[in-house]
Amino acid sequence: MASSSSVPPKEYYSLAETARLLHVHVRRIRELATRREDPLPFRRFPGQQRGAFIHREDLRTWLERNTEGIAGGR
C-alpha cells in the first residue's frame, strides 16, 4: 500500500510534489528554484504567479548536475 506522502510517476510535478519526491520542505524547493546559479527549472504559464511545475526529465537532469554520490554507498 502506498504512503499518503508518495507521489505517482508522471510527466510534470508541482512544487509540493517535488518536495515530497526529494524528501525536503517546499521552502527548500522554492529556494532552489529562485537561486541565481543553476536554479531548479520550474515553469509556469505567462501572467500567472502560482501553479509552477517541472518536467520530470528537467528535474532528473538538474539533480544529476546538483547532487553528488555518497562515498561507499549503495
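Author: Let's start with a definition: a residue is buried when its relative accessible area is under 20%, and exposed when that area is over 50%. The model we are looking at is predicted. Of its 74 residues, 22% count as buried.

Reader: Glad to have that cut-off in hand. How many helices and strands are in the chain, and what pattern does the chain follow along the sequence?

Author: The chain has three helices and two strands. Reading along the sequence gives β-α-α-β-α.

Reader: Let me pick one helix, H1. Which of its residues are buried?

Author: In H1, the buried residues are Leu 15, Glu 17, Thr 18 and Ala 19. Their cover includes strand S1 (12–14), helix H2 (26–34), strand S2 (53–55) and helix H3 (56–66).

Reader: Thr 18 catches my eye. Why does Thr 18 count as buried?

Author: Recall that buried means under 20% relative accessible area. Thr 18 has a relative accessibility of 0%, so it counts as buried. This threonine belongs to helix H1, which covers residues 15–22. Setting aside residues up to four places away in sequence, Thr 18 touches Tyr 13, Ile 29, Phe 42, Ile 54 and Leu 59.

Reader: And Ala 16, also in H1: why does Ala 16 count as partly exposed?

Author: Partly exposed is the class between the two cut-offs, under 20% and over 50%. Ala 16 comes out at 33% relative accessibility, and therefore counts as partly exposed. Its C-alpha atom is separated by 9.5 Å from that of Phe 53, a residue 37 places away along the chain.

Reader: What follows H1?

Author: His 23 does, and its phi is positive, near 60 degrees.

Reader: Now for the core. Which residues make up the largest nonpolar core?

Author: As a general idea, nonpolar side chains in soluble globular proteins tend to be buried together. Here the largest nonpolar core has twelve residues: Val 7, Tyr 13, Leu 15, Ala 19, Ile 29, Leu 32, Leu 40, Phe 42, Ala 52, Ile 54, Leu 59 and Trp 62. Each of H1, H2 and H3 supplies at least two residues of this core.

Reader: Take Ala 52 from that list. What is Ala 52 in contact with, leaving aside neighbours within four places in sequence?

Author: Ala 52 is in contact with Tyr 13, Ser 14, Leu 15, Phe 42, Arg 43 and Arg 44.

Reader: Finally, the chain as a whole. What share of contacts joins residues at least 24 apart, and how much area does the chain expose?

Author: Among contacts between residues at least 6 apart in sequence, 39% join residues at least 24 apart. The chain exposes about 6100 Å², with carbon and sulfur atoms supplying 51% of it.

Key
Residues numbered from 1 in each chain as written. Predicted model: local features only at pLDDT ≥ 70, side-chain atom pairs only at ≥ 80, totals over all residues. Heavy atoms only, no water. Helix = DSSP H or I, 4+ residues; strand = E, 2+ residues; numbered from the N terminus. Buried < 20%, exposed > 50% of the residue type's maximum accessible area, 1.4 Å probe, protein only. Contact = heavy atoms within 4.5 Å. Areas by Shrake-Rupley, 256 points an atom, 1.4 Å probe, with all protein chains shown as cover. Core = buried A, V, L, I, M, F, W, Y, C linked by side-chain atoms within 4.5 Å.
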